[in-house]
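User: Hello! I am new to this structure and would like a friendly walk through it. Could we look at it together?

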Amino acid sequence: MRERISHALGRDADEKALRDALKQRPDNVDAAIPLARGLLMRESPHEALEVLDNILLAAPGDLRALNAKGVVLDHEGRHHEAQTLYRQALAIDPGNPMLSNNLKLSLALEGTTQNGNPDPQLQADGRHAPYRER
């Protein structure tokens, strides 16, 4: 019981520190991504998307922020929106393996490949991919 309480208190302190860092520097991607990850793990995807939307306003075109928002959207089953973000980021950095991989995973989660063929293994699994970043 004590461990759960101290873990929760530590998580709250971490979240507060990350939010404070974002207040000081709204373009702080290094604070926004772990905050969004923590919110997603806490089953607060709408808050995670809000954090990522704000960081993208402050740092438009940031590849890590675009990727992170795509991951949250995939988690929420909003694959088409996620794929749009991955493609936007790939237009900036076409050789980025993280973005390419996440686009492929998103397409698989949607039940398609780039050729339009279903991927039975991933489709049957039905799980969402974990938070994927470099």
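Analyst: Happily! This is a predicted model. A good place to begin is helix 4, which is mostly covered, with 11 of its 13 residues buried.

User: Which elements do the buried residues of helix 4 pack against?

Analyst: The buried residues of helix 4 include L63, L66, V71 and L73, along with the polar or charged N67, K69 and D74. Buried here means under 20% relative accessible area. The partners these buried residues pack against are helix 2, helix 3, helix 5 and helix 6.

User: How far does helix 4 reach from its first C-alpha to its last?

Analyst: Helix 4 has 13 residues, and at 1.5 Å a residue the expected reach is 18 Å. The model comes close to that expectation, with a reach of 18 Å.

User: Which residue caps the N-terminal end of helix 4?

Analyst: Look for a side-chain oxygen beside the backbone nitrogen of R64. The two atoms lie 3.1 Å apart, and a polar contact requires a pair within 3.5 Å. The residue that supplies this oxygen is D62.

User: And which residue just after helix 4 takes a positive phi?

Analyst: Just after helix 4, the chain has a residue with a phi of about 80 degrees. That residue is G77.

User: Why do the buried residues of helix 5 line one face?

Analyst: The buried residues of helix 5 are H79, A82, Q83, L85, Y86, A89 and L90. They line one face because, seen down the helix axis, they fall within an arc of 160 degrees. Exposed H80 and A91 sit on the face turned away from that buried side. What covers the buried residues includes helix 4 and helix 6, and the arc that places them on one face is 160 degrees.

User: Is N96 buried or exposed?

Analyst: N96 lies in the loop between helix 5 and helix 6. A polar atom of its side chain is 3.0 Å from the backbone nitrogen of M98. The relative accessible area of N96 is 1%, and the cut-off for buried is under 20%. N96 is therefore buried.

User: What about E43: where is it, and what is its relative accessibility?

Analyst: E43 is found in the loop between helix 2 (29-41) and helix 3 (45-58). Although E43 is not a glycine, it has a positive phi of about 65 degrees. Exposed means over 50%, and E43 counts as exposed with a relative accessibility of 59%.

Technical notes
Residues are numbered from 1 along each chain as its sequence is written. This is a predicted model: local features need pLDDT of at least 70, side-chain atom pairs count only at pLDDT 80 or more; totals for chains, interfaces and linings use all residues. Side-chain values use heavy atoms; hydrogens and water are left out. Helices (H or I, at least four residues) and strands (E, at least two) are DSSP runs, numbered from the N terminus. Buried means under 20% relative accessible area, exposed over 50%, partly exposed in between (1.4 Å probe, protein chains only). A polar contact is a pair of N or O atoms within 3.5 Å; within protein, one must be able to donate a hydrogen and the other to accept it, and residues adjacent in sequence count only if both atoms are side-chain atoms. The arc is that of the directions from the helix axis to the C-beta atoms. Contact means heavy atoms within 4.5 Å. The expected span of a helix is 1.5 Å times one less than its number of residues.
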